[in-house]
Amino acid sequence: MSGTLDYEALPQREGLRSKRRRKDNIVAAEQQPSGTNEDNQQADEHARDRAQHGQESIQAHRSAAVGQHKFEYLDHTADVQLHAWGSSLQEALQEVGLAMFNYMTPIDELSVDEACTREVSVSGHDMHSLLFNYLDELLFVYSAEYIMMKHINITKLNEENFTITATGHGEKFDRSRHECGTEVKAITYSAMQIHETEGDAEIFVIVDI
């Protein structure tokens with residue numbers, strides 16, 4: 001193939017983050033309170049709602065699923081909350097990763113370029129830090145290489161040692177071919193929730209846009 005394509009980032013992009021700065025941000029985030037009073041109140045309301053209404057409440061949250069995917073976007077002041085679910089925590093984690101990419105460009109319109117296949121392996125000290133590091137590593141793939149994932153397959157998930165290995169398949173974002181959504185700038189711990197029961201799991205994550 002002759003010529004070179006120029007890949008441009010989405011609007012709002014402020015430049016590449018270095019690995020060192022990214023890790024510093026993770027440490028700083030883990031040392032911060034879990035969220036504002038508003039975020040914590042929202043999380044408490046979700047918990048009370050789930051306790052009161054059980055599965056009916058869960059299904060109500062899932063009424064705005066994007067296409068055939070198992071994720072949706074919930075309103076949140078100045079940011080957006082990703083909500084993903086599945087029959088297992090592994091599936092919910094795959095879906096929340098796709099939800100993040102889909103917010104930046106519709107993933108159903110992406111192709112799969114095998115040259116853009118990437119594997120990520122992350123660890124954490126608990127499930128929340130594992131979720132944060134997993135999404136942050138996927139976001140770094142976009143930040144460093146402009147690669148958007150159409151499919152994500154978690155090949156290893158260890159809930160005792162808090163480790164994830166995942167493989168993503170997609171292609172480089174090209175503004176001449178792909179719809180521009182809104183760039184996700186960072187993952188947050190605010191009102192982060194992970195719920196897992198037999199045969200069902202769901203995840204709530206607020207991302208900075």
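Which strand does Glu171 lie in? Glu171 lies in β5, the strand covering residues 163-172. I will come back to that residue after the overall layout. What you see is a predicted model, and the numbers I quote are computed from it.

Start with the chain as a whole. There are 5 helices and 8 strands. Reading from the N terminus, the order is α-α-α-β-β-α-β-α-β-β-β-β-β. The chain has 209 residues, and 46% of them count as buried. If you take contacts with a separation of 6 or more, 69% come from residues 24 or more positions apart. The exposed area of the chain is about 10600 Å², with carbon and sulfur atoms supplying 45% of that area.

Next, the core. In soluble globular proteins, nonpolar side chains tend to be buried together. Here, the largest nonpolar core has 44 residues, and the members that touch the most others are Val96, Phe101, Leu131, Tyr134, Ile187 and Val205. The elements giving two or more residues to this core are β2 (79-86), α4 (89-104), β3 (118-123), α5, β4 (147-158), β5 and β8 (200-208). The most comes from α5, with 10 residues. To take one core member, Phe101 touches Ile107, Leu138, Tyr142, Ile147, Met148, Met149 and Ile152, leaving aside residues up to four places away in sequence.

That brings us to α5 itself. This helix runs over residues 127-145, which is 19 residues, and spans 27 Å between its first and last C-alpha, close to the 27 Å expected at 1.5 Å a residue. Is it enclosed or open? Of its 19 residues, 16 are buried, so α5 is largely enclosed by the rest of the structure.

Look at the two ends of the helix. At the start of α5, Asp126 places a side-chain oxygen within 3.3 Å of the backbone nitrogen of His128. Just after α5, the phi of Tyr146 is positive, about 65 degrees.

The helix also carries a charged-type residue name worth checking, Glu137. Glu137 has 15% relative accessibility, so it counts as buried, the cut-off being under 20%. Its C-alpha is 7.6 Å from that of Val122, although the two are 15 residues apart along the chain.

Now back to Glu171 in β5. Why does Glu171 count as buried? Because its relative accessibility is 8%, and buried means under 20%. What does its side chain reach? One partner is the backbone nitrogen of Ser111, at 2.8 Å. Another is the side chain of Arg177, through a polar contact of 3.1 Å. Not counting residues up to four places away in sequence, Glu171 touches Glu109, Leu110, Ser111, Asp113, Cys116, Tyr146, Ile147, Met148, Arg177 and His178. Tyr146 in that list is the residue with the positive phi just after α5, and Ile147 and Met148 are also touched by Phe101.

Last, the cysteines. Cys116, one of the residues Glu171 touches, has 5% relative accessibility and so counts as buried. Cys180, at 31%, counts as partly exposed. How many disulfides does the structure hold? The number is 0.

To recap: α5 gives the most residues to the largest nonpolar core, and Glu171 is a buried residue with a polar contact to Arg177. That is the end of my part.

Conventions
Residues numbered from 1 in each chain as written. Predicted model: local features only at pLDDT ≥ 70, side-chain atom pairs only at ≥ 80, totals over all residues. Heavy atoms only, no water. Disulfide = S-S within 2.5 Å. Buried < 20%, exposed > 50% of the residue type's maximum accessible area, 1.4 Å probe, protein only. Helix = DSSP H or I, 4+ residues; strand = E, 2+ residues; numbered from the N terminus. Expected span 1.5 Å × (residues − 1). Polar contact = N/O pair within 3.5 Å; in protein donor to acceptor, adjacent residues only side chain to side chain. Contact = heavy atoms within 4.5 Å. Areas by Shrake-Rupley, 256 points an atom, 1.4 Å probe, with all protein chains shown as cover. Core = buried A, V, L, I, M, F, W, Y, C linked by side-chain atoms within 4.5 Å.
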